Amino acid sequence: MKFNTRFNLRKANSKKPQKIYLVCRFDGLKFVYPTPFNVVPKHWNKEKEEIRNVIEELERDLINTYLKDLKHAAKGIYTNSTVNKIFLTKPILKTELDKWTGKTIENKPVFKPWLRNWIDASIDRINPKTGRKISYRTIQEYNTTYKYLLELEKENREEIQFENINL
């Protein structure tokens, strides 16, 4: 399966700024993804798929870098799905590009509710080493640790995040 990407403008002959679109073609499908940038068509280099080096386009270098990175991300998503034997569809590609661009944020577990649920679920959990249920005293120690973590949050005036936990 081939994966081609291009950047196009909606109306290439317009005098007004036009949105830049990423167009991906794969498996007989055409997927169009809008970028956050607009450009006057006469400042757009169709062959190089980037903004020309003109004075009027002040942020052209940043935008061109973003466009190259976006194209690279789209190809990476395709490669990743091929390697992991996942059939790439338009919704999957859109979801992954939205994550890459920051339009949507992955639902990462929040530490406090996760820990509280883990402690509550410990009542029915079985210790893999002994084959017995977790003891009352162990759950009591979990609750004490949880209480200390809440106090630490108050002291530091900062919520504990999974990303911030280290040795």
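# A guided tour, starting at F7

Select F7 to begin, and note that F7 is buried, with a relative accessible area of 2%, where buried means under 20% relative accessible area, exposed means over 50%, and partly exposed is in between (1.4 Å probe, protein chains only). What you have open is a predicted model, in which local features need pLDDT of at least 70 and side-chain atom pairs count only at pLDDT 80 or more, while totals for chains, interfaces and linings use all residues. Residues are numbered from 1 along each chain as its sequence is written, and side-chain values use heavy atoms, with hydrogens and water left out.

**Around F7**

F7 belongs to strand β1; helices (H or I, at least four residues) and strands (E, at least two) are DSSP runs, numbered from the N terminus. Now display the residues in contact with F7, contact meaning heavy atoms within 4.5 Å. Once neighbours within four places in sequence are left aside, these are I20, Y21, L22, T35, W44, E49, L67, L70 and K71. If you then draw a distance from F7 to V39, 32 residues away in sequence, you should find 12 Å between the two C-alpha atoms.

**On to W44 and E49**

Select W44 next, and set aside again its neighbours within four places in sequence: its contacts are then F7, L9, I20, V39, E49, E50, I51, R52 and L67. From there go to E49, which sits in the loop between β4 (44-45) and β5 (50-51). Is E49 buried or exposed? With 10% relative accessibility, E49 counts as buried. Its backbone also deserves a look, as E49 has a positive phi of about 55° although it is not a glycine.

**The nonpolar cores**

In soluble globular proteins, nonpolar side chains tend to be buried together. A nonpolar core here is a set of buried Ala, Val, Leu, Ile, Met, Phe, Trp, Tyr and Cys residues joined through side-chain atoms within 4.5 Å. Select F3, L22, C24, W44, L93 and L97, which have the most contacts inside the largest such core, a set of 21 residues. Two or more residues of this core come from each of β1 (3-9), β2 (18-26), β3 (29-39), α1 (60-83) and α2 (90-101). Which element gives the most to this core? It is α1, with 6 residues. Another core, of 7 residues, lies apart from this one, and you can find it by selecting F111, L115, I119 and I139, which are among its members.

**Two stops on strand β2**

Move to F26, in strand β2, which counts as buried at 1% relative accessibility. Beyond its neighbours within four places in sequence, F26 is in contact with K2, F3, F31, L88, T89, K90 and L93. One of these contacts, L88, is 62 residues from F26 along the chain, and the C-alpha atoms of F26 and L88 are separated by 8.7 Å.

K19 also has its place in strand β2, but K19 counts as partly exposed, with 27% relative accessibility. With its neighbours within four places in sequence left aside, the contacts of K19 are N8, L9, R10, P34, T35, P36, F37 and N38. Draw a second distance, from K19 to I55, which is 36 residues away along the chain, and the C-alpha atoms turn out to be separated by 19 Å.

**The segment after α4**

Now select R157, placed in the segment after α4 (136-156). R157 counts as exposed at 79% relative accessibility, and its phi is near 50°, a positive value in a residue other than glycine.

**Stepping back to the whole chain**

Finally, show the whole chain and color it by secondary structure, so as to pick out 4 helices and 5 strands, which follow the pattern β-β-β-β-β-α-α-α-α along the sequence. The radius of gyration of the chain is 25 Å, well over the 15 Å that the globule rule gives for 167 residues, so the chain is more spread out than a compact globule. This radius is taken over C-alpha atoms, and the globule rule is 2.2 Å times the number of residues to the power 0.38. Turned along its principal axes, the chain has C-alpha atoms that fill a box of roughly 75 × 40 × 25 Å. Of its 167 residues, 29% count as buried. Among contacts between residues at least 6 apart in sequence, 43% join residues at least 24 apart.
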